Amino acid sequence: MHVVIIPTQCQLRWLLALLSKLSPYLRKCTQKGYVHGDVKPENFLLGPPGTPEEKKLFLVDLGLATKWKDRSTGHHVEYDQRPDIFRGTVRYASVHAHLGRIGSRRDDLESLAYTLVFLLRGRLPWQGYQGENKGFLVCKKKMCTSPESLCSFCPQPFKEFVEYVVNLKFDEEPNYAKCISLFDSIVGPNPDIRPINTDGAQKLIHQVGQKRGRISLEGETDEQPKKKVRMGMPATQWISVYNARRPMKQRYHYNVADSRLVQHIDKGNEDGLFISCISSCANLWALIMDAGTGFSSQVYELSPHFLHKEWIMDQWDRNYYITALAGANNGSSLVVMSKGNKLAV
């Protein structure tokens with residue numbers, strides 16, 4: 001039986017020793033083609049006291065592990081997004097997990113970053129939200145909390161680590177050695193040979209999963225988050241915008257090829273969503289689908305020519321009106337026509 005170790009305020013050296021052990025574990029997991037999917041303090045175990053494994057770290061609970069690559073081809077899984085599906089623990093999950101994006105290697109590292117900050121500070125800025133919209137509010141708080149703010153009470157390398165992991169791309173291979181080297185100025189040489197010192201760690205065997213003690217930080221509250229900018233590398237992908245009046249009733253898809261339009265649109269329609277906006281870049285489409293459009297019905301056409309006049313006129317005869325359109329670099333166009341609101345009756 002392993003002993004669960006959940007420190008409330010870790011000594012810095014204990015925490016960095018933990019990092020030096022965990023990073024290789026996550027790398028080994030991804031080398032097998034999987035991402036853990038639920039990195040959090042409760043899933044770190046140490047061996048039984050008084051045994052040779054007393055200071056050996058275990059990463060457990062693979063119930064939410066998913067494949068990040070196809071084992072037959074070795075290729076990365078394709079990007080997909082299902083905002084109605086969430087996998088992980090709300091407190092430590094990556095922003096991508098909140099948004100329903102398929103898991104990849106970056107997500108475990110982002111969860112690890114939140115875990116390290118929590119163990120060092122004893123608290124994360126998004127703790128305390130309750131109710132049906134808890135997941136949405138936590139996600140919103142994570143998105144508007146910059147690395148500087150999150151790590152304001154931590155040594156500089158923690159901010160650099162957070163900046164690195166939150167800016168990883170979907171299919172990018174993390175540099176695990178770099179993650180550890182960021183802390184060289186604190187850890188010193190040969191961190192891999194240092195055993196984990198469990199002295200002073202609070203053993204809460206009977207309180208796993210329960211709320212732990214909190215520390216109060218000056219100027220930190222659980223009120224509605226103020227607008228902040230996440231710092232780091234410039235954005236190179238589409239971002240999502242949510243309607244606060246209808247939380248989580250909007251989804252978006254980006255980098256959508258022509259052949260996948262039907263799949264995303266049909267699924268959205270099944271969930272009561274209609275296209276509210278479309279755009280195109282490099283012959284790929286971006287869609288925003290919304291439950292608050294007021295439309296009762298919608299049709300669309302992907303044409304190899306820019307604006308298929310005959311089709312549009314046919315839909316006008318059926319009382320459909322153009323509500324969104326976009327053109328691609330190759331000359332094709334996507335036209336959406338709707339009816340049901342005050343402008344498209």
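The following legends describe close-up views of a predicted model of one protein chain.

**Figure 1. Overview of the predicted protein chain.** The model is a prediction, and its protein chain contains 10 helices and 11 strands. The chain has 345 residues, of which 47% count as buried. When contacts between residues at least 6 apart in sequence are considered, 67% join residues at least 24 apart.

**Figure 2. The largest nonpolar core.** This core comprises 46 residues, and those touching the most other members are L18, L109, L112, L124, L150, F158 and F161. At least two core residues come from each of helix 1 (12–31), strand 3 (44–46), strand 4 (57–59), helix 3 (105–121), helix 4 (134–144), helix 6 (156–166) and helix 7 (176–181). Helix 3 gives the most to this core, namely nine residues. Another core, of 14 residues, lies apart from the largest one; L261, I265, W285 and A326 are among its members. As general background, nonpolar side chains in soluble globular proteins tend to be buried together.

**Figure 3. Surroundings of L112 in the largest core.** L112 is one of the residues that touch the most other members of the core. Residues up to four places away in sequence being set aside, L112 touches L19, L22, L26, V39 and F161. Y92 is 20 residues from L112 in sequence, and the C-alpha atoms of Y92 and L112 are 7.8 Å apart in space.

**Figure 4. Helix 3 and its end.** Helix 3 is mostly covered, with 17 of its 17 residues buried. What span should the 17 residues of helix 3 have at 1.5 Å a residue? The expected value is 24 Å, and the end C-alpha atoms of helix 3 are 25 Å apart, which agrees. The expectation is obtained by multiplying 1.5 Å by one less than the number of residues. G122 follows helix 3 and has a positive phi, near 85°.

**Figure 5. Helix 6 within the fold.** Nine of the 11 residues of helix 6 are buried, so this helix is largely enclosed by the rest of the structure. The buried residues of helix 6 are P157, F158, K159, F161, V162, E163, Y164, V165 and V166. Of these, F158 and F161 are also among the residues that touch the most other members of the largest nonpolar core. F161 is, in addition, one of the residues touched by L112.

**Figure 6. Environment of W68.** W68 is located in the loop between strand 5 (66–67) and helix 2 (95–98). Is W68 buried or exposed? Its relative accessibility is 9%, and W68 therefore counts as buried, since the threshold for burial is under 20%. Residues up to four places away in sequence being excluded, W68 touches T30, G33, Y34, V35, H76, V77, G103, S104 and R105. Y34 is 34 residues from W68 in sequence, yet their C-alpha atoms are 5.6 Å apart in space. A polar atom of the W68 side chain lies 2.8 Å from the backbone oxygen of T30.

**Figure 7. Y92 and S94 in the loop between strand 5 and helix 2.** Y92 lies in this loop, as does S94. The relative accessible area of Y92 is 2%, and Y92 is therefore buried. The side chains of Y92 and R91 form a polar contact of 3.4 Å. S94 likewise counts as buried, because its relative accessibility is 1%. The S94 side chain reaches the backbone nitrogen of A97 at 3.1 Å. Neighbours within four places in sequence being left aside, S94 is in contact with D107, E110, S111 and Y114.

**Figure 8. H98 and its polar partner.** H98 is found in helix 2. With a relative accessible area of 6%, H98 is buried. Which residue's side chain is joined to that of H98 by a polar contact of 3.0 Å? The partner is K142.

**Figure 9. The second largest pocket.** This pocket holds about 360 Å³ of space. Its lining consists of 23 residues, and T66, R87, R101, I102 and G103 are the closest to its centre. Helix 3 gives the most to this lining, with three residues. G103 is also one of the residues touched by W68.

Note on methods:
Residues are numbered from 1 along each chain as its sequence is written. This is a predicted model: local features need pLDDT of at least 70, side-chain atom pairs count only at pLDDT 80 or more; totals for chains, interfaces and linings use all residues. Side-chain values use heavy atoms; hydrogens and water are left out. A nonpolar core is a set of buried Ala, Val, Leu, Ile, Met, Phe, Trp, Tyr and Cys residues joined through side-chain atoms within 4.5 Å. Buried means under 20% relative accessible area, exposed over 50%, partly exposed in between (1.4 Å probe, protein chains only). Helices (H or I, at least four residues) and strands (E, at least two) are DSSP runs, numbered from the N terminus. Contact means heavy atoms within 4.5 Å. A polar contact is a pair of N or O atoms within 3.5 Å; within protein, one must be able to donate a hydrogen and the other to accept it, and residues adjacent in sequence count only if both atoms are side-chain atoms. On a 1 Å grid over the protein atoms alone, a cavity is a set of points where a 1.4 Å probe fits but cannot get out, and a pocket is an open set with protein on both sides within 12 Å along at least five of seven lines; lining residues have an atom within 4 Å of a point. Grid points are joined across faces, edges and corners, and a volume is the space filled by probe spheres set on the points.
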